[in-house]
Structure formats: structure tokens, C-alpha cells
Amino acid sequence: MFTLTWRIPSWALAILFYCCAQATGGLLIGIVFTVGHNAMEVLTADEMKMTDFVRLQLRTTRNVTPSWFSDFFTGGLNYQVYH
């Protein structure tokens, strides 16, 4: 934060920059997680209790076909198990 305040002329602009950066980062990581986890089967509570953790993770994620854009945009998250 010290570096930002030294280069940005006022505290208000530094706080505005920080908030915008956090919002943008949150939006991007939200999009990455949405791509990897939406459109998958929805399990009932009983099915979730009967399934162990590893199988549950594999059933509720999907593969994303790798490309230069997905590698850049996801920062390597697409190389995790079944993304």
C-alpha cells in the first residue's frame, strides 16, 4: 500500500484503485470458477453423504479443453484435476 500511495497523488485515488483492483480480480476468478463448475450434475444431500470426497470432486467438475487463451485466462487452474 505504501508504494501505491507514493505514486498516486491522494489517498482517495489509492483506495479507489485498490477497490477496483479487488473487484476486477474477484470478477475474473468468479468467471474461472463458473466455467469449471457450472452445468454439472446436481447431487442430493443423500448422494453427497454416500460419496467420498475424491469421487465427489470428480463428479462435480468438468474438463476444460486447453488452449493458449484458457491457459492465460485461468492462470493454470485448468490443469487441476478434471478442470
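## Aromatic pair

In this predicted model, Phe69 is partly exposed, with a relative accessibility of 46%. Its neighbour in the sequence, Trp68, is exposed, at a relative accessible area of 69%.

One aromatic pair is found in the structure. The partners are Trp68 and Phe69, whose ring centres are 6.0 Å apart and whose planes stand at 85°, so the arrangement is edge-to-face. An angle over 60 degrees is what that class requires.

## Fold and confidence

The chain contains five helices and zero strands. Read from the N terminus, the order of elements is α-α-α-α-α. Of its 83 residues, 14% count as buried.

Mean pLDDT over the chain is 78, and 82% of the residues reach 70 or more. Confidence varies between the elements: helix α2, residues 11-37, has the highest mean pLDDT, at 87, whereas helix α1, residues 2-7, has the lowest, at 58.

## Nonpolar surface patch

Trp68 and Phe69 also belong to a nonpolar surface patch of about 870 Å². The other members are Leu27, Leu28, Ile31, Val35, Phe72 and Phe73. Two elements, α2 and α5 (68-74), each give two or more residues to the patch.

Val35 lies in helix α2. This patch residue counts as partly exposed because its relative accessibility is 40%, a value between the 20% limit for buried and the 50% limit for exposed.

## Ser70 in helix α5

Is Ser70 buried or exposed? Ser70 is buried, since its relative accessible area is 9%, and the cut-off for burial is under 20%. Ser70 is located in helix α5.

The C-alpha atom of Ser70 is separated by 9.3 Å from that of Val32, although the two residues are 38 residues apart along the chain.

## Salt bridge

Side chains of opposite charge can pair when their charged atoms come close. Searching the whole structure gives one salt bridge. The bridge joins the side chains of Arg55 and Asp52, with an N to O distance of 2.9 Å. The limit for such a contact is 4 Å.

The two partners fall into separate accessibility classes. Arg55 is exposed, as its relative accessible area is 55%. Asp52 counts as partly exposed, at 36% relative accessibility.

## Cysteines

How many disulfides does the structure hold? The count is zero. The cysteine sulfur closest to that of Cys19 is in Cys20, at 7.0 Å, and this is too far for a bond. Cys20 likewise takes part in no disulfide, its nearest cysteine sulfur being that of Cys19, 7.0 Å away. A disulfide needs the sulfur atoms within 2.5 Å.

Cys19 counts as partly exposed, at 44% relative accessibility. Cys20 is also partly exposed, at 42%.

## Summary

The predicted model is a chain of five helices without strands, in which the mean pLDDT is lowest for α1 and highest for α2. Its side-chain contacts include one salt bridge and one aromatic pair, while disulfides number zero. Helices α2 and α5 each supply two or more residues to the nonpolar patch, which covers about 870 Å².

Key. Residues numbered from 1 in each chain as written. Predicted model: local features only at pLDDT ≥ 70, side-chain atom pairs only at ≥ 80, totals over all residues. Heavy atoms only, no water. Phe/Tyr/Trp six-rings, centres within 6.5 Å; stacked < 30°, edge-to-face > 60°. Buried < 20%, exposed > 50% of the residue type's maximum accessible area, 1.4 Å probe, protein only. pLDDT = per-residue confidence, 0-100. Helix = DSSP H or I, 4+ residues; strand = E, 2+ residues; numbered from the N terminus. Patch = residues over 30% accessible without salt bridge, like charges linked within 9 Å, V, L, I, M, F, W, Y side chains within 5 Å. Areas by Shrake-Rupley, 256 points an atom, 1.4 Å probe, with all protein chains shown as cover.
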